[in-house]
Every structure is written in C-alpha cells, then in structure tokens.
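This briefing is for a reader who is meeting the structure for the first time. Please look through the sequence and the 3D view before reading the points that follow.

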Amino acid sequence: MAPPLSINPLAEATELSGIRQIANRIPDHPGAVNLTVGQPDFPVPDAVKAAAERAIQNNLTGYSHNAGLPELRKAAADFYGNKYHFRYDPLTETVVTAGASGAMDAVLRTLLEPGDEVIVPVPIFAGYEPLIRLTGATPVYLDTRPTGFVPDARQLEALITPKTKVVIFNNPSNPTGVTIPPHEMDALAAVLARHDVFILSDDIYSENTFDAPHSSFGRYPALRDKLFLIHGLSKSHSMTGWRVGFLFGPAHIMQYIVRIHAYNTICAPTPSQHAAIEALTGSADAPAGMNRAYVGRRDFILDSLRRMNLPVVKPDGAFYAFPSVLEFPLDSKTFAVRMLEEAGVAAVHGSAFTRYGEGYIRISYAKSMADLATAMERMAGFVDRLRDETRHAGPDAKQI
Ligand SMILES: Cc1ncc(COP(=O)(O)O)c(C=O)c1O
C-alpha cells in the first residue's frame, strides 16, 4: 500500500485558534454568556448598509483592482492619514485587504524568509504566531508582563539581532486593552530608527481608544520607509463579516505585497468596499458612540474584577480586560473551560495569546450591560467556589 500522502508539516502543526476552541464549545451550554470573540455588539451603521445595498442593486459587484477601489483607497489614506499624521499615496502605498487578517498575511509572506526572526510583544493576538511559523521564520518574544503590558524600548533593543527582520506591534492591544503611551512610542521609535528592521503595526483598534487619542508609528518620519500600518473596519464599524482592512506602506515594497494579496483573494469584496467609502466619510463618527458605551462597560468590568480580588491592568482601548487568575491551581484553559461548564460564562484562556498569557483570561466586554452583569455575578460565584475548593485541597493543590 502506498504511504499516506503527507501535507506541509508547518500546516499540520498549526492549531485552531484558542479563541475558537472556547467559542466552539458554547452551543453545548445553552444560556452561557459569550465573552469570547472580538465582535462588537452594535449594528453596522444604517448608511453603511444602504451603501452596500446600492452597490448590489447597481451591479457594482464584480472584481475591483487588486489593490481596491481607487476612491476607497483615497478615502482610507485621507481618513487615517489626517487623523494619525501620516501620508501614504492612495494609489501606490495603500491596499484594501480582506480584513486586517489579509493585511497581516500579505505583509508577513512578502517580507519573511525561513530563518528570519520576528519580535512579537506578548501576550498578543493569536493570529500572528501561526502566520510567522508558516513562513519558516521564528517568533522572538518580548515579554510585556513586567511593564504593565507596554513593550519596553530597552528590552526591544536587547532582542534585536542580525536575524531580526520584522518587529510587530498591536496598539491598542488585544488581549490586554493597553495602549502604548506617547513617551514609550518615542523611545520605541528611536530604537527602531537605529536598526535595519521592518515594523508592522496592527492598529485595528485605533478608533477604540478611551482616555487619549491613538498614537501611531506613522508620526515618525525616520520609520516611514520600513513601516507597515494596518487599519480596518471590523472593530470600528462592527463590520467583522464584511472583510475590509487597509494596509499602508512604502511604494517600493507595496508593489510586491499587492501581488501576494492578489494571489490570495484577488480583491476585498466589492460591495463591502463601496460600503467602506461611506463608513470612512459619512459614518466616520460611528466609533465615538460605541466608545461611550465601552467606557461604561470597562469601568463596570474593572470594578467587578476588583471586587473579586482579581488583579487587572486598566485597559484604555479595544474592548478587552485581561485579569490574572494566577492564584488558582489550574492552568488558564482549565479555568476557562470550567467557568463555562460550571458557571455559564465563556471567556478565553490567556494561553491562547502565546504562552506568555498563561495565568490570565481575556474578557471581551463588547456585550450589553445586562449580559455583563449576569456574567460578572456568575463569575464571582465561580471564583468564590474555586477559592473554597483550593483551600480544602490544601498546600499541594498547585501540583494537581
Ligand atoms: C489585533 C487584531 N488584529 C487583527 C484582527 C482581525 O481583524 P479582521 O477581522 O479585520 O481580519 C483581530 C480580530 O480580532 C485583532 O484583534
């Protein structure tokens, strides 16, 4: 008999995202409150929906240019450029991708070769590590836990080697909700300017900042020609299923990135692109309303976690909180699974965000206040019961 056909071992080693590992269990627990996925609970603005309907009715549904509709590229370059103080040419330095995910994939596959190193501040969104490994490159972790989840410039410099090809940032951060303060941005930019490395900054949550405006690496002229910026509408306009992201970067490399992007998706969905023009123009203030709700929910979640005596760093962007559950003699996945099974609250184990997230759980508060209140009450009961159980298990409980 012929041996079974083998597939790429790098693909075989790729695991299902930890977020989905928990989310996929939720249907088995009717009544559970789902605090797992990064899905805003607000509807897409009416004018954006109407723009998509018009595009469909007018048969504007064929392929677009690989890099996206020129009018959308212009709207995106203007909107993000004016707001965050950078200039990328709409025609040669702006690509509309199938979500931020499409941008991440196209950039990393264009830049990375086997043997390259990619510095990744951790804990971080689960989407990066598999993409890096699939190219044969290796992630090098910058541990942000000792610095309140803010990447530290000196630590970054210590990790840079001749093999370092890309440094990734995700600001505001998923899973911690922390943003990089302007003084640390300055320090990081100074280090990055000194070294021959590309920078990929995933700013998908740039519209969701609460305490200060978003601060972009696009502000630093010294980084201009080695910087790639990711934005998108999934979070800001609740358009996760519409698949619209934006990538900005220097023309001499974007010409290659657009080819990689084209061989993957040809173009972002065209009706969504027409709707995206409305999102960035007539409906540009949609995130402000969502942010007002997020601030109230964040404060409620912080207050609830503090009442439970679970340490948590105050998030000032995105819509996540990342409390520590290190006191319990369980790994974070067991904690998350038991909380779902025993208390009907689904949150994501921290280890889904690289192993540096072990000992934490991620709570998405893109949920109604009523759902959050139910979830926090149930979680408080679960935490109490777990503390009782741990006390009765005695000092060896850590070894379970
Ligand atoms: C940091 C980060 N980047 C990218 C994505 C993917 O976004 P998109 O839906 O635009 O592909 C997410 C989604 O949760 C995210 O949190």
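## Briefing on the predicted model

Thr161 is placed in the loop between α7 (153-159) and β5. The model is a predicted one. The points below go from single residues in loops, strands and helices to the ligand and the residues around it.

**Thr161 and its surroundings**

- Thr161 counts as partly exposed, because its relative accessibility is 31%, and partly exposed covers the range between under 20% for buried and over 50% for exposed.
- From C-alpha to C-alpha, Thr161 and Val197 are 9.7 Å apart in space, with their positions 36 residues apart in sequence.

**The loop between β5 and α8**

- Pro172 has its place in the loop between β5 (164-170) and α8 (182-194).
- The peptide bond that joins Asn171 and Pro172 is cis, and its omega is about -10°.
- Pro175 lies in the loop between β5 and α8 as well.
- Going from Asn174 to Pro175, the peptide bond is cis, with omega near 25°.
- Asn174 also appears in the ligand section, as one of the closest residues to the ligand.

**Residues with a positive phi**

- Ser238 is not a glycine, yet its phi is positive, at about 60°.
- The loop between β7 (227-232) and β8 (245-248) holds Ser238.
- Ser238 has a relative accessibility of 6%, so it counts as buried, the limit being under 20%.
- Thr354, a residue other than glycine, has a positive phi near 75°.
- Thr354 is found in the loop between β11 (348-349) and β12 (361-364).
- Because its relative accessibility is 9%, Thr354 counts as buried.

**Residues in strands**

- Strand β12 contains Ser364.
- The relative accessibility of Ser364 is 2%, so this residue counts as buried.
- A polar atom of the Ser364 side chain lies 3.4 Å from the backbone oxygen of Val37.
- Ser201 belongs to strand β6 (residues 198-202).
- Ser201 counts as buried because its relative accessibility is 1%.
- Along the chain, Ser201 and Val120 are 81 residues apart, and their C-alpha atoms are separated by 11 Å.

**Residues in helices**

- Arg338 is part of helix α12 (residues 332-343).
- The relative accessible area of Arg338 is 17%, which is under 20%, so Arg338 is buried.
- The side chains of Arg338 and Glu342 are joined by a polar contact of 2.6 Å.
- Arg133 is found in helix α6 (residues 128-134).
- With a relative accessible area of 36%, Arg133 is partly exposed.
- Arg133 and Val118 are 15 residues apart in sequence, and the C-alpha to C-alpha distance in space is 9.8 Å.

**The ligand and its shell**

- The largest pocket is the space taken by the ligand.
- The ligand is surrounded by 13 residues, and the closest are Ala100, Ser101, Asn174, Asp202 and Lys235.
- In the shell around the ligand, five residues are nonpolar, five are polar and three are charged.
- Helix α5 (residues 99-111) gives the most to this shell, contributing four residues.

**Polar atoms at the ligand**

- A polar backbone atom of Ala100 is 2.7 Å from an oxygen atom of the ligand.
- Tyr205 has a polar side-chain atom that lies 2.8 Å from an oxygen atom of the ligand.
- For Arg243, a polar side-chain atom likewise lies 2.8 Å from an oxygen atom of the ligand.
- On its own, the ligand has 400 Å² of accessible area, and the protein covers 92% of it.

How values were computed
Residues are numbered from 1 along each chain as its sequence is written. This is a predicted model: local features need pLDDT of at least 70, side-chain atom pairs count only at pLDDT 80 or more; totals for chains, interfaces and linings use all residues. Side-chain values use heavy atoms; hydrogens and water are left out. A residue is near a molecule or strand if one of its heavy atoms lies within 4 Å of it. A polar contact is a pair of N or O atoms within 3.5 Å; within protein, one must be able to donate a hydrogen and the other to accept it, and residues adjacent in sequence count only if both atoms are side-chain atoms. Accessible areas come from the Shrake-Rupley method with a 1.4 Å probe; for residues, only the protein chains shown count as cover. On a 1 Å grid over the protein atoms alone, a cavity is a set of points where a 1.4 Å probe fits but cannot get out, and a pocket is an open set with protein on both sides within 12 Å along at least five of seven lines; lining residues have an atom within 4 Å of a point. A molecule sits in a cavity or pocket if more than half of its atoms lie within 2 Å of its grid points. Helices (H or I, at least four residues) and strands (E, at least two) are DSSP runs, numbered from the N terminus. Ala, Val, Leu, Ile, Met, Phe, Trp, Tyr, Cys and Pro count as nonpolar, Asp, Glu, Lys and Arg as charged, and the others, Gly among them, as polar. Buried means under 20% relative accessible area, exposed over 50%, partly exposed in between (1.4 Å probe, protein chains only).
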